[in-house]
Amino acid sequence: FVLVVTAVDQYGNAANEALLDGDINVSVSNPSVLTTKTQTVGLITYADFESATPAGYSSAQTVLNLGNSSDLGATNWKSGTATIYMYSKTSGAQASFEVKVADNSKVDTFTLDQPQFAIAGEKIEIPFTAVDQYGKDITSASTLNAAGSFTNFTVSGAGVTGAFEQDYVNNKPKLVLDATGVTASAITSATNVNIYATTSTGKQVTLTVSLQPAKKASVISAVADMDFAIAQGGTTSLEYDDISVYDQYGRTKKLSDFTAAGYSATVALSNGNITADKTEVNGTDTAVVFTAPTSVNGVTEVTLTLKKSGADVSGSTFKFNITNVKLGEIADYEVADIAKVYADNTMTQDVTVKGLLADGTKVALPVPAAESNDYYTVTDATYVDYNNGTVKSKAGINFGSDSEKTYNIVVVTTNKDKVQKTFVKPVVVSNAAP
């Protein structure tokens with residue numbers, strides 16, 4: 001912080017810093033609040049005026065730095081009012097300026113509310129409000145964590161700790177209790193965690209949070225990112241991470257959230273219209289591949305059941321159907337856009353072609369190992385190579401001054417009525433590093 005000083009000599013000319021240093025006596029009425037910057041020459045100490053460009057000014061000004069005896073910034077200032085007096089030894093001219101120093105923002109009013117969930121092994125966000133002594137909401141976690149904001153802030157019980165963290169997305173602080181170190185075996189029933197806080201103005205706040213036992217997978221609730229219809233000879237995969245479950249608190253989680261606790265899912269099929277390559281998926285065998293045999297068709301019911309440490313979890317099953325589809329049932333097709341490939345000739349991108357039933361259901365299709373099968377044919381572009389469901393760039397592209405080149409591949413499909421449909425899909429080849 002600086003005080004901008006304007007002074008002129010007896011001839012009306014602006015007085016420079018050197019003239020002010022030698023002529024102006026400076027005193028402060030309340031040096032416990034602030035003092036001014038000084039310099040000592042020989043045995044004489046006097047105010048040290050300087051040239052600087054303060055915030056809000058476009059050119060250099062004559063300034064006097066303000067602070068206190070140990071700090072010319074603001075970190076050690078005390079709140080209060082001080083008057084700066086200036087007196088010219090040669091002319092007797094006088095000036096004064098009053099400075100009011102406000103106290104740093106500190107917590108005055110603080111409230112705590114119960115969280116939606118407080119579960120062992122997790123982080124818990126505690127709803128709260130914090131208002132400073134000036135009636136303003138505190139929006140900085142660093143202010144709340146700073147010394148002096150609270151005279152006491154304590155979290156106790158079950159080994160849980162707590163601190164304020166900054167939510168930069170929403171520009172507000174949040175109070176987070178960290179119970180990630182509390183193991184499932186440590187808390188088998190509800191255990192109290194207490195928060196004690198005393199604000200800088202002496203207001204006391206307490207909250208008791210009931211910490212519940214660690215989450216358990218209770219029932220499979222959904223599967224995602226797979227096809228529920230497969231053309232004969234085709235496959236679809238169900239990843240371990242795409243199985244959703246409800247825990248005992250009704251929250252939706254991924255089955256993979258429970259890998260460390262020994263959970264898996266068993267797979268059972270109602271008939272042979274669909275086959276599966278395994279009967280269980282877990283954190284090691286991460287996916288089950290379903291195949292539609294070419295000799296049969298129709299619907300198969302799939303039953304998934306949670307298993308923990310080798311034993312089925314009662315009431316945890318989830319059922320869904322997969323249909324084995326004949327070519328004669330496919331009404332139309334769709335071809336997804338193809339992601340960018342690069343001129344290093346190694347990175348591949350998928351060419352995803354799906355069949356469509358009359359009701360719009362998507363059908364997983366067999367992928368041509370070369371370029372053609374009964375469902376569709378893929379034709380390479382000049383500098384784009386297709387192989388087994390993927391494309392990559394070919395060597396020899398002359399980019400010239402361009403960073404990218406675009407080439408079209410052609411996908412020709414055949415539907416149930418033997419009607420062919422042509423899709424032209426652009427493939428962008430980049431000369432940049434992937």
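Biologist: How many aromatic pairs does the structure hold?

Modeller: Before we count, this is a predicted model: local features need pLDDT of at least 70 and side-chain atom pairs count only at pLDDT 80 or more, while totals for chains, interfaces and linings use all residues. Residues are numbered from 1 along each chain as its sequence is written, and side-chain values use heavy atoms, with hydrogens and water left out. Now the rings: those of Phe, Tyr and Trp (its six-membered ring) pair if their centres lie within 6.5 Å; planes under 30 degrees apart count as stacked, over 60 as edge-to-face and the rest as tilted. There are 12 aromatic pairs here. One of them joins Phe 110 and Phe 150 edge-to-face, at 5.0 Å centre to centre and 75° between the planes.

Biologist: Which parts of the chain does that pair link?

Modeller: Distant ones: Phe 110 belongs to strand S10 (residues 107-112) and Phe 150 to strand S13 (residues 150-156), 40 residues apart. For the labels, helices (H or I, at least four residues) and strands (E, at least two) are DSSP runs, numbered from the N terminus.

Biologist: Are Phe 110 and Phe 150 buried or exposed?

Modeller: Buried means under 20% relative accessible area, exposed over 50%, and partly exposed in between (1.4 Å probe, protein chains only). Phe 110 has a relative accessible area of 5%, so it counts as buried. Phe 150 is buried too, with 11%. Another edge-to-face pair is Phe 258 with Tyr 263, at 5.4 Å centre to centre and 70° between the planes. Both Phe 258 and Tyr 263 are buried.

Biologist: Which residues form one aromatic cluster with Phe 110?

Modeller: Phe 110 shares that cluster with Phe 128, Phe 150, Phe 153 and Phe 164.

Biologist: On to sheets. In what order do S20, S24 and S26 lie?

Modeller: Two strands pair if DSSP finds at least two bridges between them. These three make an open sheet in the order S20-S26-S24, with antiparallel pairing. Strand S20 (235-239) and strand S24 (275-276) each have a single partner strand, so one side of each is left without a neighbour in the sheet. Between S20 and strand S26 (residues 287-291) you'll find five bridges. If you want to trace one, Leu 238 has Val 288 of S26 as its bridge partner.

Biologist: And what is the order of the open sheet of four strands?

Modeller: That one reads S31-S39-S38-S35, and its pairing is mixed. Its edges are strand S31 (341-342) and strand S35 (376-379), each with a single partner strand, so each has one side without a neighbour in the sheet. S38 and S39 are antiparallel to each other, joined over 11 bridges. Look at Val 411 there: its bridge partner in S39 is Phe 423.

Biologist: How much space lies in the largest pocket?

Modeller: On a 1 Å grid over the protein atoms alone, a pocket is an open set of points where a 1.4 Å probe fits, with protein on both sides within 12 Å along at least five of seven lines; lining residues have an atom within 4 Å of a point. The largest pocket holds about 490 Å³, taken as the space filled by probe spheres set on the points. It is lined by 24 residues, and the closest to its centre are Ala 7, Leu 20, Ile 24, Ser 88 and Ala 93. Strand S1 (2-4), helix H1 (17-23), strand S8 (80-88) and strand S9 (94-101) each give two or more residues to that lining.

Biologist: What about the second largest pocket, what is its volume?

Modeller: About 300 Å³. Among its 18 lining residues, Ala 184, Ala 214, Lys 215, Lys 216 and Ala 261 lie nearest its centre.

Biologist: Where is Pro 54?

Modeller: In the loop between strand S6 (49-52) and strand S7 (61-67). Pro 54 is buried, at 13% relative accessible area. Contact means heavy atoms within 4.5 Å. Leaving out residues up to four places away in sequence, Pro 54 touches Val 2, Val 4, Gln 61 and Val 63.

Biologist: Last one: what is the phi of Asn 388?

Modeller: Most residues other than glycine have a negative phi. Asn 388 isn't a glycine, yet its phi is positive, about 50°. Asn 388 sits in the loop between strand S36 (384-387) and strand S37 (390-393), and is partly exposed at 48%. Lys 418 also has a positive phi, about 65°. Its loop runs between strand S38 (404-414) and strand S39 (420-430), and Lys 418 is exposed, at 61%.
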